[in-house]
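Hello, and welcome to this structure. Please have a look at it first, and then read on with my notes beside you.

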Amino acid sequence: MSKLMRGVSRKEFLKLGGAGLAGAALLGVAGCGGGAQGNKKVVRYFTGTSETTALERVAQEIQVDRFEKQYPKYDMQREAIPPDDVRTVIKTRLQSDNPPDVFSYDTGPGFGGVLADAGLLYPLEKAYKQKGWDIYEWAKQRATYNGKVYGVPDQVEEIVVYYNKDLFDKLGFNEPKTVDELRKIADEFKGRGKIPLAFGDKEQWEAGHLFSMGVSNVLGRKGMDDIFYGNGRWDTPEVTKTINLLFRDFVKGGYYPNGANAINYNDANTLFYSGKAAMLPTGTWLVSEIVQTVRDFEVGFFPFPSIDGSGISPPAGVGTGLFVAADAKDKEGAITFIDYLLQDDTARLVMEKFNTIPAHPVDTRGLKVPGLFKQVLTDLSQSSQDRDFGYNIDVLTPQNFNEVMYSGFQDVINGNRSAREQAHALQAAWAKAKKAGHVLTQG
Amino acid sequence: MRGTTSTRTRPKGGTAQTPVPRRKRGFLGRALDLPALHRQQRYNAIFFILPGLLVYLAFMVYPFLDTIYLSFTNWNGVADTKHWVGLANYARMFGDGTVLKAFWNNVIWVVIGTISPVIIGLLLALLLWSGVRGSLLFRTIYFLPFILPLVVVGIVWQWIYHPLFGVLNKALNAVGLKGLARGWLGDPHTALYAVLAAAIWATFGFVVVVLLAALQNVDMSLVEAAMIDGANWFQRARHIVIPQIAPVLTMVTTITLIGGFSVFDIVFVMTGGGPGHSSEVLATYTYKTAFQQNEAGYGSALSMLITALSFVSAVVFVRLRERQR
């Protein structure tokens, strides 16, 4: 009979337990070896994956290889997961014993703001001063919570309507300036068997972007500021009219693909890339993918046109930002990495490779970028005297509001909720967020 | 001869034995009427039970108790502070229209999602058991969807239902039923049922295989006797076969029933609870509330609701079943 079968004496039991504990302790020591590998200091960077695998490779080159080459004392460990998943895991990652040193995350009060309130972010005011980071003041405000700067906005975005220039030229259409003109164009395309606007709302945030374009136009920058920072309301006739236009009239008019609520963002983009759809409402973050994917026709873009004589205020603002974890093992390394990304030569490289716009002044002379991206740069560089930019709403609003916005617009599209009901629901969610202190503060 | 461990009759012609003292039984031993254990055996028992018990305590009991505690707080999921709010989260549930909608969807899921795979599985198992040719092949084919992760099932069925490229709409168009073609997952009237169909497809194979195994133990002499008495196929199944596999049928039904209240993955992948909240179930709403809207306290209360519903429904079903027997 084997010893184990015979039984385990108390002494043996204690021995086994002791050996187990010692083993676990050794493993723990080995696993928690701190932030140094050899002579190099480890910097952990946590971010969302890029749109395409080609861009992901470029990200690895710029954010890891080039950084390590310039700063040989650091070992950059970049971890990228699908962007939507970052929102789910970031809280637990920051609360773990091994948090990322630096990470990319949404800057709004419902995102970075929540982390700052929980004491999970390291304030960057000192770093801003020491390194002389020249982030646009309005962008810096997006990463400022309770009067302290916690993040470095890294990308400026605009939401526009891309269009198939070849198709437009073939039918003799110009970029529409009013919704009536847009309707005429859409009707014509529909009659010719094309999908006028490649809009899918399966992930729900897509409707938030469409709404941002419409409501920014009808309310203008001032009206939007009044809601965000003053006593403006969402349940006004202007907002209701916009919801009705975008999510009832356009649906009834057949301007979107059938079953838009069941079509995801990538499928909607594919409809445009394949020439099945004439226009694509989305953000300038897609420029790089469009340039890489679309080979058969030329692509242009226009801001969403005027609604019943309103102004045109395309939503623009900060996308994500870079944050340093409060419990980062190497805060200096994290700040060095952010500083590296903000350097002029790195920023130019990022612009050329990713076709994204940094949130700080960059010398754009001699940049080798595609025509579509040049157009975006020109559009965004227009001074506020020429045009007021609106807001991409969901990055500025708390999650309870976004939830009502997202699920509510799906209901409006389906006809389960009226535009008026949705406007009231938005206002109720906004009032709740305001009462809880979860909304933006100015200055 | 009667005897106890403490008082023994002296064997004839033998020497007197030292009385063996009665071993004390511990609380559990007394409660469960277990025999007293030798010290060595006790260490053995502890040695084998402890690892599993620690894992169970760490990953089941502690999180469960912690969730109960969190459900009485307004914790946002990240802050250090957790304010006690008493029953406020539970009271809020009753006024939350989305909870009622999700609960109703769960009821639909439990009813259709439990009955359908069990009936389909039972019928197919009986057919295969009756000696259909290629029984092994069919059994394998039926079981295949069950080994796929539900996330994969969800993605595959998303493509089948796709409003523009999906085979379902194309098939409907091809047979002249264009009017029925739609965005199955984007239409509030069909979204939940479309997901349910995918879930049933993924589940019934499990029921077939388990019931087929149970059918191997059916007493054939009773079946043959029923045949001689003139019972038809349905009568034999109803009165002879099903009663004999009733325990397994109960087990399978209970598993699918409990799963009905905690269903999450396939709904989350296919519709995310949308459009609007038309396919929202309690688990998807709990996830959104706790992890996306930073209301971990309320989310914990919702998860307690799911636990209570699963537990109560399973107990009620098993009791009813036992009473019938």
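The points below go through the model, the domains, the interface and the cores.

1. A word on conventions: this is a predicted model, in which local features need pLDDT of at least 70 and side-chain atom pairs count only at pLDDT 80 or more, while totals for chains, interfaces and linings use all residues. Residues are numbered from 1 along each chain as its sequence is written, and chains are lettered from A and ligands numbered from 1 in the order in which they are written.

2. Start with chain B, where the domain assignment (automatic or from a database) gives domain 1, 37-70, and domain 2, 88-324. Taken over C-alpha atoms, the centres of these two domains of chain B are 33 Å apart.

3. Next, see where the chains meet: 28 residues of chain B are in contact with 29 residues of chain A (contact means C-beta atoms, placed from the backbone, within 7 Å). On the chain B side, helix H2 (39-70) and helix H13 (282-292) each give two or more residues, and H2(B) has the largest share, with 5 residues. Helices here are DSSP runs of H or I, at least four residues, numbered from the N terminus.

4. Now the interior. The largest nonpolar core has 134 residues, and those touching the most other members are A:Tyr162, A:Ala198, B:Val195, B:Leu211 and B:Leu282. Helix H8 of chain B (residues 191-215) supplies the largest share of this core, 15 residues. Such a core is a set of buried Ala, Val, Leu, Ile, Met, Phe, Trp, Tyr and Cys residues joined through C-beta atoms within 7 Å; buried means that 20 or more other C-beta atoms lie within 10 Å of a residue's own.

5. Finally, a second, separate core of 46 residues includes A:Val43, A:Ala325, A:Ala347 and A:Val350.

Definitions and conventions:
Two residues are in contact if their C-beta atoms, placed from the backbone, lie within 7 Å. A residue is buried if 20 or more other C-beta atoms lie within 10 Å of its own, exposed if 12 or fewer, and partly exposed in between; C-beta atoms are placed from the backbone.
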